[in-house]
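Student: I would like to learn how to read strands, cores and helix packing in a model such as this one. Could we go through them one feature at a time?

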Amino acid sequence: MSSSVIHFLHFPFLLLILLPTISTAQNITLGSSLTSGVANTSWISPSGDFAFGFRPIEDNSSFLLAIWFDKIPDKTIVWFADGDLQIPEASKVELSTNGSFILTDPQGKVLWTAGEQVIGTTYASMLDDGNFVLAGGRNSSDYLWESFKNPIDTILPTQFINVSRGNFMLSSRVNDTAYSKGKFRLRMHQSGYFALYPVGFPSLTENNYEAYVNVTWSPGPNGSRFVFRESGEINIVSGNGNIDLTWYPTDISPDSGMYYRATLDFDGVFRQYSHPKTFINSTQSWSIERSIPENICLRINGRLGSGVCGYNSYCNIQGDRRPTCQCPPGYEFVDPNNIYGGCRPSLPLQKCQEEDTSNPEELFELKTLDNVEWPLSDYDELKSYNETECRSSCMNDCSCAVAVLLNGTCWKKKLPLPNGRLDTDVKRITLIKIRKDGITIEDPGRAEDRSTLVRVVSILLGSSVFFNFIFLASIFLVFFFMNKKLSKRKQTPRKLQDLVDDEDVIHDMVTFERLVMIAIWCIQDEPSLRPSMKKITLMLEGVVEVSVPPCPCQLSTYRQVMSTSLAHFLHLPFLVLILLPTISIAQNVTLGSSLTSGGIANSSWLSPSGGFAFGFRLTEDNSRFLLAIWFDKIPDKTVVWFADGDLQIPRGSKVELTTPDGKLILTDPQGKVLWTAGDQVTGTTYAAMLDNGNFVLARGRNSSDYLWESFMNPTDTILPTQFMNINRIDFKLSSRVNDTTYSKGKFRLRMHENGYFALYQVAFPSLTENDYEGYYNDSWSIGRNLNDSQFVFKESGDIYIATRNGSIQNLTWSPISPSSGLYYRATLDFDGVFTQYSYPKTSSGSIQSWAIERILPQNICLSVFSRFGSGVCGYSSYCDITANGRPTCLCPPGYELLDPNNRYGGCRPILILQGCQEKDTKNPEDLFEFKTLENVEWPLSDYDKLDSYNETECRRSCMNDCNCAVAVLLKGSCWKKRLPLPNGRLDTSVKRIALIKVRKDGGSQDTGPGKDRSTLVLILSLLLGSSVIFSFILLAAIFLVFFSMNKKLSKRNQNSSVLRSNLRSFTYQELEEATDGFKEELGRGKLQDLVDDEDVINNMVTFKRLVMIAIWCIQEEPSLRPSMKKVTQMLEGVVEVSVPPCPYQLSTYVGNNSKDD
C-alpha cells in the first residue's frame, strides 16, 4: 500500500516529464497520410480544439479537405482547400517523403498541392491556434507553408498578415452549404486600404466592383499588418499606429472562455462570432459579436453586380442584422431553394410590339410596393411628376419594368434590377408593372402535350384542306367543260365580237355595231342627247342613219371646269401683281390689323426689304397652320421662329393686333384664344416685321420701346444682330422633334446666368422639362454685373459670348469667312447639332440650298454620353456620323425601326428576346445565336463586367445569362448589357466587338407560350371545323348549280340567236298573215282590253305602272324622257311613277281621229 501511494505521488511528476513528449508527438512525420471515408481521417491539434482532415459535404457524396473546430458540436470549418474540388471517397492527402503535401484521388491523380514550390519540409503540424503548417524547423520562421497565410473566408485569433507580403483577401462562399467562392471579397492591399466589395459572379475571372466598405491609411516604411488579437480585437497595425475598423457595435468584452472567429459570410457581411468553449447543452451556437457593415442592404450601391439578393429581388435587414431576400409582386425566385439567387417575372413581360403597346392598360397593371428601391438601374428621370403621371409614363413605355416615385421625381427602371433594398427612412412609391391576365410560364410537360395536340389538329386540318382542294379541282374541271358547251366568254373583251358568242352576230358585224351605237345613244347622261323612242325605232329599222355617239360621261362638263380653272389660273399672276404693292406698303402693323389662316390675300406681314415675313404657314403635311416668321425671298421659305409648335391651328384662325389694348392674340374660328404674345403686354401702338427677322410689338420708334419681340423669345433658331442679356431669363433654344414637326424635341441650348453655355438632352417625351448631362459645355467668368454678359450673333456671321471689359468668349468651332451676300442663321437641329447655315441672297440660276458653315459638336454620336436619355438615335439603335457632320441612325442585326418613317425613333427586336424561364435557359444554344457588330458601343448600359475574357468566354457568359441582350468585348473585358440600349454609337477609333443575341428561329413576339399554343390550338380547331362545314355547303351548292345549269341547257336548244331576238321591222302583209286577217280584237276603250293575259288582268296595278313607264319613255320632248337609270329604278319600284303627260304624237293622233269620227 505504501508502495502504491508512493507510485501515485510520483504520477504528477511523471506527467510533467512526459508532457513535452506527448505534445511533440502531434507533429506529422514524412510519409503520413489520411484517406477520405475511412478511420483516422484527421490530425488533431495538441489541445484538441482544431482538427485537419476530411469532412463529408452535406447532401453530397464527396469530401472536403478542411480545418475545423473539433470540440463544438457543429464542427465549424475555418479553412478548406479549393471548395470547387470534388474529392471522392478513398482520396488521400499525404506528406510525402520529399516534403511535398499532395491530395490525390483514388486513381492517383493530383487534385491539390499545398504551395507550388514547397521543398525541405521535415514535418507538418496542426497547431492549437488553428494554423496548419508545413515546417522545416521548430520556429515559426521555418514555416514553409501555413493555412494562416492562405485564408479562405475566416480568420482566427493570433492570425495576422503582413500586408506588404501581397494582397491579403478573404472570399465568401456561395451559401452556407456550398464551399465554392461566392460574390464578395475582403481585401487588404499593400498600398493602404481595407475594403469589402462584390465581384463578377459567376465568372471565370476575378473582377472587382465598387466597394461597399473602405478604410484607408498610410502604410509607412515598415509596411502594415492585419491583426486578430487573442483578446478578440481586430485592427490594422501600420507605421502610424493602430487603425480600428468601423464595427457595429464598436466594442466587445473579451472572454478567455470563448472561441472567436471572423468570417466573410456568403451574404457579404464580415462578422465576428463567439462560442463558449465549455459544453453546456446542445443548443449552444455561434453568437454575432459585431459586424461590418451594419446594414449591407443599404451599403451596396454599385452600378455593376446583382447585390446581396440577386437580380430583381430586394433585401431587408432582420433583427439579427442578417439580410433576407424577397421578390416584388408578380415575381418568383429563380431557384425556390435559394432566396439569395434572384427573382424572375412570373408572367411574360411587356414587349415593344403592337399587341402589347396599342392598349397596354388592358393587358398590364402597376402594383404598389412602398419604400423599395433599385438604385442606378434607371434609364430615365422625369421631374415634377405626380403618381398618376408616373404611372402613365411607365405604362406607355414598353421598356419600363418598374417606376419609383420619390420627391416628385419619377425614375423609370429596366430589368435586370440590381441591389434592391427596403429602406423605410425614405418614403417612396415603387410601381411594379405586371401582366393582368393569368398566363403562367408553361412547364415542359404541358408544352409537350399541347405540341402533340397542335400536331394532331394540324394533320386533320391539312387532310381536310387537301380533300377540299381535290374536290374543288374536280368541280372546276366539270364546270370548265360544261361552260364550254354553254358559252365561250372571255374575261377581258378586246374586240367587239368578243362580247357575244353567236355565230350570226359574228357574221353580221355591221348590224351588230349599229345596235351597240344605238344602245350607247340611249344611255347618255345628258337628256338632250338621248334620242326619242320614235327615232330609236327608225334607227333600228335602218330609216335613220346612226352616227357615232359621244362618250356616255360628263366629259364635256369636266372639260368646261378645266377650261374655267385654267382661265382663272392664267389670271392669277396679274392679280398677284395688282395686290403686291398693297401688301408691301404697310410695314407697320396698325391696331386692329389681322391675318387669317388659309386666306389668299393679306396672309402675311412683310419686312420693308421683303426678306422676312410674319404670318401663317401651312405645315409640310398640310394638316394645320403655323404662326411663324420665315425667309420670304428664298424658295423653301425657311421658318426661323414659330409660336408654340404644339398648337393645332385650323383653317380660318386669326391673329390680330387688338384695339385698344394692343395685344397680339391668336384665336381659332370659334374665337377661342390659342396663343398670346407675352402675358402682360399692354400699351402697344403698332407691330412691325423688321428687316433683321425680328417681329416686335412697340410703343415707340426705339428698340427700348419694344414691349415684346421674337428675338427675346427664340425657338430653335437665332439670326444675325440677335443678342441676349443673359441675366434677363435663362436663354434657351429647343430643338424640334424632326424636320417636319414643330413640337419641342429632346435637345436644348442654354445660356445660364451662372456663366455657362451648354448643349444637353432632356427627358423626351415628358410632361415636364428635365435636364440630363450636357454633351457640350463652355464656361466663362460672368463679371461683377450680370448685364456684362451677352450671347451675340454678329451681322458678319460671327457668334460668341461677350463678357465684361469687352472680352470675347469664342465657342470651340472653326472660324468662317463672313460675306454680305449671304443670309445666315444658327439652328439647334432636331438631331442635337447646333449648326450655322448660309444661303446666297442672289439667285445664281442653279438649285440653291442652305450650306453648313460650322457645327457644334463635331461628332454628336460620340459626344452624347449619359446614363439617362436615349441619345440621338433612340433606344437600341446606334449613331454614325456622315461626311457633312450629320448623324444617321441604324439598327443592330435582328432589330427593326420602331417607326419605319422615323429613323431617329429607336429600334426594337424583331424576334422574341430570351426569357428567364426554363424553356429559354435550359439549352440556349439551340434557340439563340450571336450576330457580330464591330466597333459599336452603348456606354453605361452595362450591368456586369467580366475581366480577362476572350471572345469565346464572353459569348458563353452572355448566352447563359437570360438578362444579357448584348455583350461588348473591349481589351479583354466583357461588358454585358440590358435593354433598352441608350446612346449607341459607331466608333472606329476603338476596336471592340459587339455580340447581339438574337433568336435563331422565325418566331415572332408573343405574350406567353401558354397563351400562344392555346390560341394556336383554338385557331386550328376552328379552321378544321370550318373546313368540314364548308365541304357540306359546297356539296349542296353543287347539286343546285347542276340542276340550274341542266335547266339552262334544255332551254338553250330552243333559243334563237341574239340578233333574231332583237326588235325588227314587219310588213303589213306579214302582220295580216300572223293575225289571221286581224280576226281577233285585243281591246277597245279600257286598259285591260289591250291584253288577253289573265295574269295581267288580275294585277292591273302593276300593269298600269308599266304602261305609264312606257308613256314616259316615248315623250317627244327629250327633257321629259327619263334616263335609263331612272327607268330601271321605276321598273324595280325604287322610284315612284307619276302620271305622264300625253305624248305629242298621241295627242295629235287622238285629235285627228276625233275629227274623222
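**Reading the sheet, the cores and a helix pair**

Tutor: Let us begin with one strand pair in this predicted model: β29 and β35 (residues 429–435) run antiparallel and are joined by seven bridges. Within this pair, F364 stands opposite R435 in β35.

Student: What is the general idea behind such pairing, and in what order do the strands of the open sheet follow one another?

Tutor: Strands of a sheet pair through backbone hydrogen bonds, in either a parallel or an antiparallel manner. Here the open sheet has five strands in the order β29-β35-β32-β33-β31, with antiparallel pairing. At its edges lie β29 (364–370) and β31 (378–382), each of which pairs on one side only. If direction is ignored, neighbouring strands of this sheet are turned by 25° against each other on average.

Student: How should I read a nonpolar core, and which residues touch the most other members of the largest one?

Tutor: In soluble globular proteins, nonpolar side chains tend to be buried together. The largest nonpolar core here has 42 residues, of which F52, L65, F101, W112, F132 and L134 touch the most other members. At least two residues each are supplied by β4 (50–56), β5 (63–69), β6 (77–80), β7 (92–95), β8 (101–104), β10 (123–126) and β11 (132–135), and β5 gives the most, with seven residues. Leaving aside residues up to four places away in sequence, W112 touches L65, W79, A81, L85, F101, I102, L103 and W145. Another core, of 35 residues, lies apart from the largest one, and its members include V163, L186, Y260 and I300.

Student: Is T667 buried or exposed?

Tutor: T667, whose place is in strand β43 (residues 664–667), has a relative accessible area of 15% and is therefore buried, since the cut-off for that word is under 20%. Not counting residues up to four places away in sequence, T667 touches S653, K654, K672, V673 and L674.

Student: Finally, at what angle do helix α18 and helix α19 pack?

Tutor: Two packed helices are described by the angle between their axes and the distance between the axes. Helix α18 (residues 1100–1113) packs with helix α19 (residues 1124–1132) at an angle of about 170°, and their axes are 10 Å apart. Because of that angle, α18 is roughly antiparallel to α19. R1105, L1106, I1109 and C1113 of α18 make the contact with V1127, M1130 and L1131 of α19; by class, this contact has six nonpolar residues, one charged residue and no polar ones.

Note on methods. Residues numbered from 1 in each chain as written. Predicted model: local features only at pLDDT ≥ 70, side-chain atom pairs only at ≥ 80, totals over all residues. Heavy atoms only, no water. Axes fitted to C-alpha atoms, helices over the stretch in contact; angles between N-to-C directions. Helix = DSSP H or I, 4+ residues; strand = E, 2+ residues; numbered from the N terminus. Parallel < 35°, antiparallel > 145°, perpendicular 65-115°, else oblique. Contact = heavy atoms within 4.5 Å. Nonpolar A, V, L, I, M, F, W, Y, C, P; charged D, E, K, R; others polar. Pairing = 2+ DSSP bridges. Core = buried A, V, L, I, M, F, W, Y, C linked by side-chain atoms within 4.5 Å. Buried < 20%, exposed > 50% of the residue type's maximum accessible area, 1.4 Å probe, protein only.
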